[in-house]
Amino acid sequence: MVYRRRRFTQMEAATDSVAVAPTAPTAARPAKPRARMMRQYDLVERVRSYNPNTNEDLLNRAYVYAMKAHGSQTRASGDPYFSHPLEVAAILTDLKLDDATIVAALLHDTIEDTEATRAEIDQIFGSEIGALVEGLTKLKRLELVSREAKQAENLRKLLLAIADDVRVLLVKLADRLHNMRTLEFVPPASRRRIAEETLDIYAPLAGRMGMQEMREELEDLSFRTLDPEAYNVVMQRLDALAERNRNLIGEIEAQLSNNLRHRGLGARVYGRRKKPFSIWTKMERKSVGFEQLSDIFGFRVVVNDVQACYRALGIVHTTWPVVPGRFKDYISTPKQNDYRSIHTTVIGPGNQRVELQIRTEEMDQIAERGIAAHVFYKEDAGSPTEFLKRESNAFAWLRHTVGILSESANPEEFLEHTKLELFHDQVFCFTPKGKLIALPRHANVIDFAYAVHTDVGNSAVGCKINGKFAPLSSELQNGDEVEVLTSEAQSAPPSAWESLAVTGKARAAIRRATRTAVRDQYAGLGRRIVERLFERAKIDYADDKLKGALPRLARSSIEDVMAAVGRGEIKASDVARAMYPDYKEERVGRYAKKGLAAKLKETVVPGTTPRPPAAIPIRGINSDLPVKFAPNGGAVPGDRIVGIVTPGEGITIYPIQASALKDFEEEPERWLDVRWDIEDTTPQRFPARIKVENVNEPGALAQIATVIAEHDGNIDNISMQRRSPDFTETTIDLEVYDLKHLSAIIAQLRAKAVVARVERVNG
Ligand code: MN
């Protein structure tokens, strides 16, 4: 009963301004300057109460060191600055943390704000504590740099720092919590920003680490700052309902524990008031009000072991009617933040809906304190980081996220993904072999595939959900069994998936795969350009020779060099010179003078010219090269074609008669020999442009469009210009299979009475 009362005080204190006995764990203190700063012996006493082996001397030294270091500095509230690190340390004693963490909390602002140095702290407190304080100093510096632009990068650094030693996060959260509790002394503009940041990053992060009490208090303090009106409305209603149900709560607790005791099960039962922010978000999400006791109160049944949890569940279910659809077993399937409990709702005493959470003491600790509970749970656990790696899914998630960091080129994108992942609830799905895959809510099969394995994601072409074929974009539901169908033919995913995927992991992998595919394309193009140059210069090209020249080109691999050539960052002639220092660039002035296009026209006799061996095969747009077609007029198989290399873009294919080619005559190095390489089995369409001169009469355009459609031409774009009262000039962009197809369409158009002239346009 004592425990229960303490609970109540604590819950109210988190939101109301009720003074609290100092023994209450994580009790929210009123946001007013404390009447009396905690004394040295208070702090030591707090630590000793849960850790009899505490190093009192160390704590005392840290207390004195920090107090002296901060000297006469004051906070915005007018309190001595030292009250802040002291309160941060006190919050961490509520989480029952180890000496190093408490000491780091006392010292966390000393390097940044005082004369103290890392070296000095190392010397006095040892390098473990020194490293923690330095980690915290780095984070503090992050907060001082400019806001929006840096937020993403800051989160990156924050996560990287805490993945090293999770105690940095624990101190950081306590630091933020105390700053939030004393937020009223900060100017309104920064107040808002700090509250937003807390709600966006720190509260979800605390939740992800399983630290529910911390999360709830951070949320409620932010809520109160960001939307005071809504906060007050919720609080008033909450108070009124709690008052009305005051007797009922005790009765339910008593009936529950009596019932369990009569069946031989000892249990601690207590009611717990829900938090304003969580009520508010539920009201917003489901647009419902709160009326019943179950809307504002939940009850916990804490027993000794896992078996007892299920026995308690059986007793509850046979005593009161069960509300269907509310049962969840997070003991057999824990949440990703390590949370374990059985949830159920019954129509209990007084005909009230009663929400129950059934769990063991250990689960209860982890549900409230998350990773902080783990850290101190076992003796000889080794370093907290090593221990958590083994024991905690929440920490595994953190490390996983940090893994994504190193793959994510753009910090803004990273921030967006992480925010998404922090906020989403989860769905649990299964592979056909029964492996559990936990995903954020609204995730689809693409996310699932990447969660199973990156290769599975990259080669996914279809899926079955619960045995039925379904699109890869299908949103997953709890309990779905998902079979991903893959194809070796698909080496890279369609880039459009990036916007379909929900998880950061899938998006990062898709982006990486698409990037790799594009890079491979450029490398392929670069290689062909280099080989062509060597062929013209009549030198043998060999990869080994290029390998020796890599340092001269300042590139780390042959692929890198080729991709750089393909992108136009390095000239092929530079590659040749790096390999053969006495290589002289071939002057093609002769060509340039005469006109390269003309030269090519001369030498090419359709059908008879042997293809130059270095000519690059062009297969269409989805080829392994970055290919485009001439923007004004296109090119179709059957045309004699030339490729023009544009650095950073790839090859543009022009028909040899295109007038646009004149623009490139002075740049012979950009010309590439290309040839069509079209498979008959999978016909593709290519762009072409025609100009039609037609009489102005109603329905003329319709006739033209019909002819084209009847002959299987796709119209991409039409633009019209009236040349005279009688005639209109219509420019049509088409997609056709080849020159024969295009010629047939042109012939059919010419046969129409409304058509005066038809011409192909070659840019
Ligand atoms: Mn601080």
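This is a tour of one predicted model, stop by stop, with what to select at each.

Residues are numbered from 1 along each chain as its sequence is written, and side-chain values use heavy atoms, with hydrogens and water left out. Because the model is predicted, local features need pLDDT of at least 70 and side-chain atom pairs count only at pLDDT 80 or more, while totals for chains, interfaces and linings use all residues.

**Stop 1: the manganese ion**

Select the manganese ion, then His84, His108, Asp109 and Asp175. These residues coordinate the ion through NE2 of His84, NE2 of His108, OD of Asp109 and OD of Asp175, at 2.2 to 2.5 Å. Donors here are N, O and S atoms within 2.8 Å of the metal (3.2 Å for Na, K and Ca); water is not among the atoms, so sites may look incomplete. Along the sequence the donor residues follow the spacing H-x23-H-D-x65-D. Two of the donors come from distant parts of the chain: histidine 108 sits in the loop between helix 5 (99-107) and helix 6 (110-113), and aspartate 175 in helix 10 (residues 166-181), 67 residues apart. Helices (H or I, at least four residues) and strands (E, at least two) are DSSP runs, numbered from the N terminus. Are histidine 108 and aspartate 175 buried or exposed? Both are buried, that is, under 20% relative accessible area; exposed means over 50% and partly exposed lies in between (1.4 Å probe, protein chains only).

**Stop 2: the five-stranded sheet**

Select residues 297-303, which make up strand 2. Seven of its seven residues are buried. Phe297, Phe299, Val301 and Val303 are on one side, and Gly298, Arg300 and Val302 are on the other. In a regular strand the side chains alternate between the two faces of the sheet.

Now add the neighbours. Strand 2 belongs to an open sheet of five strands in the order 1-2-5-4-3, with mixed pairing. Strand 1 and strand 3 (328-329) are at the edges with a single partner strand each, so one side of each has no neighbour in the sheet. Two strands count as paired if DSSP finds at least two bridges between them. Strand 1 (residues 268-273) pairs with strand 2 in the antiparallel sense over six bridges; arginine 272 has glycine 298 as its bridge partner, and valine 269 has valine 301. Strand 5 (residues 353-360) runs parallel to strand 2, joined by five bridges, and valine 302 is partnered there by arginine 359.

**Stop 3: salt bridges by this sheet**

The structure holds 35 salt bridges, each a side-chain nitrogen of Lys or Arg within 4 Å of a carboxyl oxygen of Asp or Glu. Select aspartate 364 and arginine 268, whose closest N and O atoms are 3.4 Å apart. Aspartate 364 is in helix 18 (residues 361-369) and arginine 268 in strand 1, so the pair ties together parts 96 residues apart in sequence. Why does aspartate 364 count as buried? Its relative accessibility is 0%. Add Arg359 and Glu361 to see a network of salt bridges that also includes Arg268 and Asp364.

Next, select lysine 274 and glutamate 355, which meet in a salt bridge (3.2 Å, N to O). Lysine 274 is in the loop between strand 1 and helix 15 (276-286), and glutamate 355 is in strand 5, 81 residues apart. Both lysine 274 and glutamate 355 are buried.

**Stop 4: the three-stranded sheet**

Move to strands 8, 9 and 10, an open sheet in the order 9-8-10 with antiparallel pairing. Strand 9 (468-470) and strand 10 (482-486) are the edge strands, each pairing on one side only. Strand 8 (residues 460-465) meets strand 9 over three bridges, and isoleucine 465 stands opposite lysine 468. In the loop between strand 9 and strand 10, select glutamine 477. Glutamine 477 is partly exposed, with a relative accessible area of 46%. Its C-alpha atom is separated by 6.2 Å from that of valine 427, 50 residues apart along the chain.

**Stop 5: strand 13**

Select residues 641-646, strand 13, where six of six residues are buried. Strand 13 pairs with strand 14 (residues 650-655) in the antiparallel sense over six bridges, and three bridges join strand 13 to strand 15 (residues 671-676), also antiparallel. Isoleucine 644 has threonine 652 as its bridge partner in strand 14 and stands opposite tryptophan 671 in strand 15.

Finally, select arginine 760 and aspartate 639, which meet in a salt bridge (2.6 Å, N to O).
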